[in-house]
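Visitor: I would like to take a close look at one part of this model and then see how the rest is arranged around it. Could you guide me through it slowly?

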Amino acid sequence: MQGLPQSVSIMPHKQPTIHVVRPGLFTTIQDLGRFGYQRFGVSVSGAMDPWALTVGNRLLGNPDRAAGLEVTIQGPELLFEEALSIAITGADLNPTSNGAALPMWTVVRMPAGSRLEFGLRRQGTRAYLTVAGGIDGPLMLGSRSTHARSGLGGLTGRALRKWDRLNAGPARVADNTCVGRTLPEAQRPRYPSTARIRVIPGPQADRFTDDALEILASQPYRLASESDRMGYRLQGLALPHRTSADIVSDAVSAGNIQVPADRQPILLMADCQTTGGYAKLATMIAADRALAAQLSPGDRLSFVVVTHETASTLLRSVHAELDRLLPPHRA
Amino acid sequence: MGNHYRSDISPTDGPASMKQPETALPRIVPLSESALTIEFGETIDPRTNESVLAFATAVEQAGLQGFLEVVPTYRSATVYFDPFGADVSTMTEHFRALMTVTNTTPLRPPTTHTIPVWYGGSAGPDLGDVAKRAALTPEQVATLHASVIYRVYMLGFSPGFPYLGTVPDRIATPRLPTPRKQVAAGSVGIAGTQTGIYPHASPGGWRIIGRTPVPLFSLTRPAPFLLAPGDLVHFVPIGEIEFHALFENHT
């Protein structure tokens with residue numbers, strides 16, 4: 001399939017089109033999330049691994065708030081109608097273009113008519129496909145992030161389907177100047193199947209027995225199959241409450257570890273509701289969110305308790321390091 | 001840095017309080033690196049919720065550096081902020097100051113919404129069960145449910161879902177043992193002493209007694225959400241024909 005010849009193009013900046021040949025297991029449009037409406041019950045959603053999405057956007061010269069595709073385990077097959085610069089970050093799902101392997105964490109140019117496919121998963125769970133100019137689409141309550149449960153954002157609030165068409169937005173920089181830009185090998189994360197996840201004590205830690213945090217940190221928890229973008233159900237040692245698991249519902253956010261009456265923890269993730277009624281024992285630190293996002297059912301989480309101060313320091317250093325490697329582009 | 005289990009981060013607390021989280025209310029507890037929850041009570045009651053709303057309003061108006069949003073709930077307010085743009089200790093000090101003035105902060109008068117509800121029939125599949133448990137007729141349950149002015153304590157669960165309280169004790173009914181796979185948009189349900197409205201078709205475990213034709217959430221309106229925390233809701237029983245007429249009006 002060929003794009004229109006330049007000479008008949010009426011609009012000088014026709015937005016490059018990407019055709020969805022196969023949608024993959026669960027591919028959604030995500031940006032950094034929908035803020036400002038949690039008081040109305042609107043989930044933040046956004047990329048499960050915001051770090052990987054941000055790296056892709058910065059490699060391409062996009063602003064951090066540009067949307068990309070979050071590709072889960074089994075990737076889509078996409079056809080690029082026009083030439084377009086892209087970067088694939090996060091999980092290595094063996095991306096290829098017309099049969100040739102594509103490098104991860106690197107800007108590559110997809111020629112007009114070329115095809116992007118994903119193969120067998122090598123490591124990680126969620127890959128991010130970012131494109132020069134970002135994936136375009138209507139802003140819904142300030143964000144393009146898909147929240148499938150409430151049908152908000154993305155493509156009418158749902159995952160990609162066969163025959164969908166995506167458009168890239170207008171690129172900020174001449175769209176082939178970034179080709180070859182790459183995240184240095186040493187800076188690329190490895191995604192082990194047992195992740196060391198640091199937590200701070202949660203707002204209701206005092207609703208649990210004194211040793212509950214020590215129990216949480218004493219043995220790895222297994223990620224159960226009923227886990228998704230909303231939350232991870234974890235299986236391991238029971239976490240005992242002092243009296244009851246239930247609290248008067250209050251605000252919850254991604255990273256919170258809540259424990260219902262069955263004493264098995266649930267780690268809330270990007271699509272979590274805005275409020276919840278279970279006691280929250282601990283909160284995963286923001287700096288470890290990327291690692292957790294790359295786990296699959298059957299993988300393990302090994303928890304370590306740190307102080308709030310440590311968590312803040314780590315978050316600052318992760319951001320400073322990213323800014324040093326790839327400075328943000330002001331929109 | 002010695003104590004790993006400290007769960008408050010007040011910079012003004014002395015060494016004696018370092019080992020234990022704050023217990024006196026209101027108290028400030030960290031929810032994450034970018035969120036603090038300020039708890040005003042442990043119960044569902046209008047006074048506590050009033051304090052929460054007054055505090056939330058004061059925080060919004062304070063223009064604090066790095067402030068992102070505040071989420072008022074039954075008994076606490078959670079403030080989200082930019083962890084790089086905000087200074088947590090300054091913010092905590094501000095909150096302490098605001099906590100003490102919230103009793104005197106004038107709130108805007110609450111908006112009262114009149115919401116028509118078709119009780120029973122195909123709109124309220126659980127009305128019969130609620131009536132049976134209360135030893136009332138379905139009509140009496142509807143009359144009782146519509147006899148109270150409800151307070152919107154908070155929104156949560158899904159976009160625009162209001163937690164309203166509290167229903168007359170007589171018709172307070174626990175959730176369904178097994179949630180329904182699909183509840184119609186506009187369905188009005190009871191869970192314990194709470195009542196609520198499902199803005200969208202979704203799974204749900206509340207006992208469904210009726211349905212409103214009024215949309216709670218619409219992106220085509222300038223204000224997408226009909227209800228806000230602190231608003232008041234008055235249900236008015238309508239019949240099936242009126243329901244359909246209003247429903248078509250709204251779509």
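Visitor: Is strand S3 (residues 68-72) of chain A mostly covered or mostly exposed, and how many of its residues are buried?

Guide: Please keep in mind throughout that this is a predicted model. Strand S3 of chain A is mostly covered, since 5 of its 5 residues are buried. S3(A) has a pairing partner in strand S2 (residues 27-30) of chain A, to which 4 bridges join it in an antiparallel arrangement, and within this pairing A:Thr28 has A:Glu70 of S3(A) as its bridge partner. S3(A) also pairs with S10(A), again in the antiparallel sense and over 4 bridges; here A:Thr72 is matched with A:Arg126, which belongs to S10(A).

S10(A) leads from this pairing to the domains of the chain. Chain A is divided into domain 1 (6-185) and domain 2 (194-325), and the centres of these two domains, taken over C-alpha atoms, are separated by 28 Å. Their contact takes 22 residues from domain 1 of chain A and 16 residues from domain 2 of chain A. On the side of domain 1 that touches domain 2, the elements giving two or more residues are helix H1 (50-59), strand S5 (84-92) and strand S10 (123-131) of chain A, so that S10(A), the partner of S3(A), is also one of the elements on that side. By class, this side of domain 1 of chain A has 9 nonpolar, 10 polar and 3 charged residues.

Chain A also meets chain B, with 39 residues of chain A in contact with 42 residues of chain B. Strand S12 (194-201), strand S15 (246-251) and helix H4 (308-325) of chain A each supply at least two residues of the side that touches chain B, and H4(A) gives the most to it, with 6 residues. That side of chain A divides into 18 nonpolar, 17 polar and 4 charged residues.

Both chains appear in the largest nonpolar core, which has 112 residues and in which A:Leu267, A:Leu281, A:Ala292, A:Leu301 and B:Phe55 have the most contacts. The largest share of this core, 7 residues, comes from H1(B), and B:Phe55 is among the buried residues of that helix, as are B:Val52 and B:Val59. Because a helix should advance 1.5 Å a residue, the 17 residues of H1(B) (residues 46-62) should span 24 Å, and the 24 Å between its end C-alpha atoms agrees with this. After H1(B) comes B:Gly63, whose phi is positive, near 60 degrees.

Technical notes:
Residues numbered from 1 in each chain as written. Chains lettered and ligands numbered in written order. Predicted model: local features only at pLDDT ≥ 70, side-chain atom pairs only at ≥ 80, totals over all residues. Expected span 1.5 Å × (residues − 1). Buried ≥ 20, exposed ≤ 12 C-beta atoms within 10 Å, placed from the backbone. Contact = placed C-beta atoms within 7 Å. Nonpolar A, V, L, I, M, F, W, Y, C, P; charged D, E, K, R; others polar. Domains from an automatic or database assignment. Core = buried A, V, L, I, M, F, W, Y, C linked by C-beta atoms within 7 Å. Pairing = 2+ DSSP bridges.
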